[in-house]
Amino acid sequence: MSARGAVGPARQATEVRTVAVGEWRESCLGERDRGGRFCGAYAVRAGEGCRWTALFAAGEVTRAVSVALGAGQPAPTLVDLFPAADWDEREAHDLYGLEFEGRAALRPLVAHTAETESWTAPVGGEGTYQVAVGPIHAGVIESGHFRFHVVGERILHLDSRLFYKHRGLERAAEGLAPDAGLAYAQRACGACAVTNAVAYALAAEAALGLEPDRETRRARTLLLELERLYNHLNDVAAICAGVGFAPGNMAFAALKERALRLNAGLVGHRFLFGSVALGGSGAEVSAARAEALRGELRELGEDAARAWRELTFAASVRARVDGVGALAAADAAALGAVGPAARAAGIGVDCRGSSPGLWYGSGFVAAAPPRASGDVEARLEVRGVELVATLELLRELLDEPVGPGRSRPVAADPRGVARVESPRGETVCAVEVDPAGRLSRLHLRTGSYANWPALAHATAGNLLPDFPLINKSFELCYACADR
């Protein structure tokens, strides 16, 4: 095994600061000036009022800036400073009754009012009309409503309405022991079960004063990359389906199935459920099993490379993905896009390079497409590059056996916050524990949650029939909003 992941801190640190209401916006701007990137905000009930916290990513540290608000006291909005805070503020309003001062409008997000005008942007003019898609779709995908404002076949604006099956997992976890809370985070999304579970485990361990050892870090990283492998294979297949390229769709869908069977053989579950534990790792891979897995991965990689070559030279595919659904770098940064969607636009955000508690190491380099055009083609290319890197990482992690691990006691953080790179981008989990050792707050902000506004923005200006392709190139999860 190389020295990857062998140096640096072994857990993610959180710096917490509480400020007065009058200092809130200036303090958050100060975090940006210090190089912090907004990565979410959440509310916590505190007596008759609440505490409102904004999170900023700063390398291996997450900085939390909090403000205490009395009953009915509004918080100064951040949305003009950080457009990525829009959904966070709207969600806090719907679920916690928090008002925001300085916003032009606060359309409902989680709350579903009957009037269409209450949650859509006003669009008018000669020749404009609306096209409604969903919330019930063909197939087995979850519920989501898309309201297109169109002229001819050109999309002027897209309003998306999700949260149809919001389960209240965060609220349901309150009062539970931290061990029990792990299942609530894991079940937020089937396709990112490992990411959510690892993010929760790292955040909870920080709040409890635990630090993962070497074997736990390796095992968790192995599981994360196995999850990335099957998701990226699925997403490439989906893009092929979006352009009607059946050979590519079938080839990559078959490769995904092989990856899922590999998962099942390793941990007993195709989607890796139940493979992450709090306070350590029970995963064991013997030397013989590691060598067999390396062989399976080598064969899968060779077949994936052949399928990718077919895709590369399919002129009809390239003609359909070039220039469609472009997301400019400035817009990606402002909207807080993460994952392949951000990297395709030239924003090198990949928190694997700053992930204490895992095995990537500070030398990790984010993947970049040959041309960071921000369109469907670039999002496809990013996944192709990352598939190669993921297979290499997996083979490296399996250079030696994987044994069980245990976390060791260290000083506890006042609040545990962890950032983990999912197949769709940075997932942020915040955990707070009360003096009795019970969960007082669980907050999960996934890569899909962060990217939904960017998808809507990338859709504007494109032809209506291209939306399914644009949607598949982001391949976001509905359940991450329905958590």
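Student: Which residue in E8 stands opposite Gln130?
Tutor: The model is predicted, so local features need pLDDT of at least 70 and side-chain atom pairs count only at pLDDT 80 or more, whereas totals for chains, interfaces and linings use all residues. Residues are numbered from 1 along each chain as its sequence is written, and side-chain values use heavy atoms, without hydrogens and water. E7 and E8 (residues 145–151) run antiparallel and are joined by six bridges; strands here are DSSP runs (E, at least two residues) numbered from the N terminus, and two of them pair if DSSP finds at least two bridges between them. Opposite Gln130 stands His149.

Student: What is the order of the strands in the open sheet of three strands?
Tutor: Strands of a sheet pair through backbone hydrogen bonds, either parallel or antiparallel. In this open sheet the pairing is antiparallel, and the order is E7-E8-E9.

Student: Why is one side of E7 and of E9 left without a neighbour in the sheet, and by how many degrees are neighbouring strands turned on average?
Tutor: E7 (128–133) and E9 (154–161) stand at the edges with a single partner strand each, so one side of each has no neighbour in the sheet. With direction ignored, the average turn between neighbouring strands of this sheet is 20 degrees.

Student: Which residue is joined to Gly134 by a cis peptide bond?
Tutor: Most residues other than glycine have a negative phi, and most peptide bonds are trans. Here the bond from Gly134 is cis, with omega about 10 degrees. The partner lies in the loop between E7 and E8, and it is Pro135.

Student: Is Phe163 buried or exposed, and what is its relative accessible area?
Tutor: Phe163 is in the loop between E9 and helix H3 (169–173), and its phi is positive, near 65 degrees, although the residue is not a glycine. Phe163 is buried (under 20% relative accessible area, where exposed is over 50% and partly exposed in between, with a 1.4 Å probe and protein chains only), its value being 3%.

Student: What is the relative accessibility of Leu272?
Tutor: Leu272 has a positive phi of about 65 degrees and is not a glycine. Its place is the loop between helix H7 (246–267) and strand E11 (280–281). Leu272 counts as buried, at a relative accessibility of 1%.

Student: Which residue in E16 stands opposite Val428?
Tutor: Val428 belongs to E15, where Arg419 stands opposite it; strand E14 (residues 416–422) runs antiparallel to E15, with seven bridges. Eight of the nine residues of E15 (425–433) are buried. E15 also runs antiparallel to E16 (residues 439–445), with six bridges. In E16, the residue opposite Val428 is Arg445.

Student: Which residue in the turn between E15 and E16 has a positive phi?
Tutor: A hairpin of two residues joins E14 to E15. E15 and E16 form a hairpin with five residues between them, and a phi of about 85 degrees is found in its turn at Gly437.

Student: At what angle do the axes of H13 and H14 cross?
Tutor: Helices are DSSP runs (H or I, at least four residues), and axes are lines fitted to C-alpha atoms, for helices over the stretch in contact, with angles from 0 to 180 degrees between N-to-C directions. H13 and H14 are roughly antiparallel, because angles over 145 degrees count as such (under 35 roughly parallel, 65 to 115 roughly perpendicular, the rest oblique). The axes of H13 (residues 447–459) and H14 (residues 467–474) come within 10 Å and cross at roughly 150 degrees.
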